[in-house]
Amino acid sequence: MTIAAILANKGGDVVSVAPENSVMEAASLLAQRRIGALPVMENGAAVGIFSERDVIHALESHGIAALERPVGDVMTSPAITVSPGDPVMAALSLMTRRRIRHLPVVVDGQVIGVVSIGDLVKYRIDRIEADAAAMRDYIQSA
């Protein structure tokens, strides 16, 4: 099971922001798309990730003025990324160790998708259920 399998089912629509976008613009995009994080892109490369947590930390540190600050000032950087060939379990382990919920998927420096912990857990549960069903069928046919 690799990250490529997750992207095959999910699709590769990548919504991103630039470091110079305001926190307000980025937060609005998160709300509109109903997503929890955005890769921050500069010259085609992921230089960070901007998440709901970054909004909360910025508001706590800077008050309402945080909404006018550039994303580059409050994003989490550097972006922790995975590649399509990485195993799902390795990505889950990475997320747990680093206490993060989103990973940009990168090929040759280009972001081709983003996977969330929810995507990975759903895929893992689906695989476990399919394996259990196959085992039940095998036992019943024996």
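This briefing covers one helix, one loop residue and one surface patch. The structure is a predicted model. Helix α2 spans residues 23–33, and its buried residues line one face of the helix because they fall within an arc of 125 degrees when seen down its axis. The loop before α2 holds S22, and a nonpolar patch on the surface involves L59.

**Helix α2**
- Four residues named as buried in α2 are V23, A26, L29 and L30.
- Looking along the axis of α2, one finds the buried residues inside an arc of 125 degrees, so they share one face.
- A31 and Q32 lie on the other side of α2, where they are exposed.
- The packing partners of the buried α2 residues are the strands β1 (37–42) and β2 (45–51), together with α3 and α4 (71–74).
- After α2 comes R34, which has a positive phi near 55 degrees.

**S22, in the loop before α2**
- S22 sits in the loop that links α1 (3–10) to α2.
- S22 counts as buried because its relative accessibility is 13%, under the cut-off of 20%.
- Apart from neighbours within four places in sequence, S22 contacts L67, E68, R69, P70 and V71.

**Nonpolar surface patch**
- I56, L59 and I64 form a nonpolar patch of about 310 Å² on the surface.
- L59 belongs to helix α3, which covers residues 52–62.
- With a relative accessible area of 32%, L59 is partly exposed; a patch residue needs over 30%, so L59 can be part of the patch.

Definitions and conventions
Residues are numbered from 1 along each chain as its sequence is written. This is a predicted model: local features need pLDDT of at least 70, side-chain atom pairs count only at pLDDT 80 or more; totals for chains, interfaces and linings use all residues. Side-chain values use heavy atoms; hydrogens and water are left out. Patches are made of residues with over 30% relative accessible area and no salt bridge: like charges are joined within 9 Å, nonpolar side chains (Val, Leu, Ile, Met, Phe, Trp, Tyr) within 5 Å. Accessible areas come from the Shrake-Rupley method with a 1.4 Å probe; for residues, only the protein chains shown count as cover. A salt bridge is a side-chain nitrogen of Lys or Arg within 4 Å of a carboxyl oxygen of Asp or Glu. Helices (H or I, at least four residues) and strands (E, at least two) are DSSP runs, numbered from the N terminus. Buried means under 20% relative accessible area, exposed over 50%, partly exposed in between (1.4 Å probe, protein chains only). The arc is that of the directions from the helix axis to the C-beta atoms. Contact means heavy atoms within 4.5 Å.
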